[in-house]
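The exercises below are meant to be worked with the sequence and the model open side by side. Each opens with a task and is followed by a solution that proceeds in steps.

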Amino acid sequence: MSHPTIVNGGYWLSSTAGKLPASNIDATLYTHLFCGYGEIDPTKHEVTIPSTEVSHFSEKVKVSNPSVKTLLSIRGDSKVFSDIAKVPTARDTFVNSSIKAAVDCGFDGLDLQWLYPSSPTDMQNFKTLIVKWRQAAVDDARNNNRPERILVASVPNLPYIEKNVEYPGEAIKQNLDWVNLVCYDFYTPAEGSSPDYTGPSSALFNRKSNSLSARFGIESWTKYVPPKKIVFGIPFHGWAWTLANALEHDVFSKATGLAASGQMDYSEVKKFIDAHASVSKNIPNDPRFGIAYAYAETTWIAYESESTIPVKIKFAKQNQLLGYFAWNISGDDDVNTLANAAQSNWQ
């Protein structure tokens, strides 16, 4: 296994190539870049590369930073992962085809986006999968005299789904280089989340509901794996609610659901603030939650800012984490305000 000293990571999705082509990424802002997505053939159980944007990602980003490490992020329906992980032949096909896809397209590693194993059986099979995955990476490196692929899994904010559905800490420690902690989107205006009130969507702290905070997630995960195996997420998007009353505009104020499309890139949040400069109020860092928010009339937006990111980075460094990742980098503005805030504060 490779052992990076820091991870200043970012996700790039081929679906955003129109806004941010891979060749336009300033890779000097990152030590690791994740490319989405490798996909899974649900019948053959093989990892496939869906587009030239994905297959040529590594060569494009290494022009600006030859030392950046690239990882192919593999997504799939949770049931597909569940089915693959429980059948030895399907599991072997998946594992071997993922390593081959990474090698063929010049990726330094792989990111498993099984979101999420949801039963005790799933967790046991997840454990078996990552053990087999590591062995395949070791074998590939040894047999072909080349560097071993980096292996990462994206995991939820908490190391357990339910009381009896826990991530296998020891197996993660032995077989994965690190885990990417999805510690954002705690509150969104979407149905099923919190359409009736605004919320600190990427809270670092949260006295109202401690478990819905990055702090609680990080502290919980460090009981399962060493801090140097944890990389935490910073969203480059915000969420917009419609306030029930324009005069009540704090965190947890009453709302009537999403405003516009709900999710907004940081670049769009900045445009909103500029466009409503005469009537809007911008709180660049609310220390109660470690989020920024802005509002104008009945639109209320929670987001990350160049003022909140240093607070999160400081917390992560104090807790000796391996690093951070941005989701996703196309949400930044034209001058990479958020990426610069993250990188400069990690130094």
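**Exercise 1. Two helices in contact**

Which residues in helix 3 meet which residues in helix 4? Use the predicted model to describe the contact and the crossing of the two axes.

Solution. Begin with the residues themselves: on the side of helix 3 they are Phe81, Ile84, Ala85 and Lys86, and on the side of helix 4 they are Pro88, Ala90, Arg91 and Phe94. Sorting these by class gives six nonpolar and two charged residues, with no polar residue in the contact. Next take the geometry, in which the axis of helix 3 and that of helix 4 (residues 88-104) come within 5 Å and cross at roughly 110 degrees. Angles of 65 to 115 degrees count as roughly perpendicular, and helix 3 and helix 4 are therefore roughly perpendicular to each other.

**Exercise 2. A salt bridge within one helix**

Find the salt bridge between Asp83 and Lys86, and explain how the two residues are placed relative to each other in helix 3.

Solution. The general idea is that side chains of opposite charge can pair when their charged atoms come close. For Asp83 and Lys86 the N to O distance is 3.6 Å, and a salt bridge requires such a distance to be within 4 Å. The two residues are separated by about one helical turn, because they stand three residues apart in helix 3 (residues 78-86). As for exposure, Asp83 is partly exposed at 26% relative accessibility, and Lys86 is likewise partly exposed, with a relative accessible area of 48%. Finally, the pair belongs to a network of salt bridges that links Lys79, Asp83 and Lys86.

**Exercise 3. Salt bridges between separate parts of the chain**

How many salt bridges does a search of the whole structure find, and which parts of the chain are tied together by the pairs Arg288 with Asp250 and Lys270 with Asp333?

Solution. The search of the whole structure finds 16 salt bridges. In one of them, the side chains of Arg288 and Asp250 meet at 2.7 Å, N to O. Arg288 lies in the loop between strand 13 and strand 14, while Asp250 lies in the loop between strand 11 and strand 12, so the pair ties together parts that are 38 residues apart in sequence. Arg288 is partly exposed at 41% relative accessibility, and Asp250 is partly exposed at 30%.

In the other pair, Lys270 and Asp333 form a salt bridge at 2.9 Å, N to O. Lys270 sits in helix 8 (residues 266-275) and Asp333 in the loop between strand 16 and helix 10, which places them 63 residues apart. Lys270 is partly exposed at 31% relative accessibility, whereas Asp333, at 10%, counts as buried.

**Exercise 4. Two loop residues**

Locate Asn65 and Gly76, and decide for each whether the residue is buried or partly exposed.

Solution. Asn65 is placed in the loop between helix 2 (57-61) and strand 4 (69-75). The relative accessibility of Asn65 is 11% and the limit for a buried residue is under 20%, so Asn65 counts as buried. Beyond its neighbours within four places in sequence, Asn65 is in contact with Ala27, Thr28 and Tyr30. Gly76 is found in the loop between strand 4 and helix 3 and, at 30% relative accessibility, counts as partly exposed. Leaving out residues up to four places away in sequence, Gly76 touches Ile40, Phe81 and Gln113.

Notes. Residues numbered from 1 in each chain as written. Predicted model: local features only at pLDDT ≥ 70, side-chain atom pairs only at ≥ 80, totals over all residues. Heavy atoms only, no water. Helix = DSSP H or I, 4+ residues; strand = E, 2+ residues; numbered from the N terminus. Buried < 20%, exposed > 50% of the residue type's maximum accessible area, 1.4 Å probe, protein only. Contact = heavy atoms within 4.5 Å. Axes fitted to C-alpha atoms, helices over the stretch in contact; angles between N-to-C directions. Parallel < 35°, antiparallel > 145°, perpendicular 65-115°, else oblique. Nonpolar A, V, L, I, M, F, W, Y, C, P; charged D, E, K, R; others polar.
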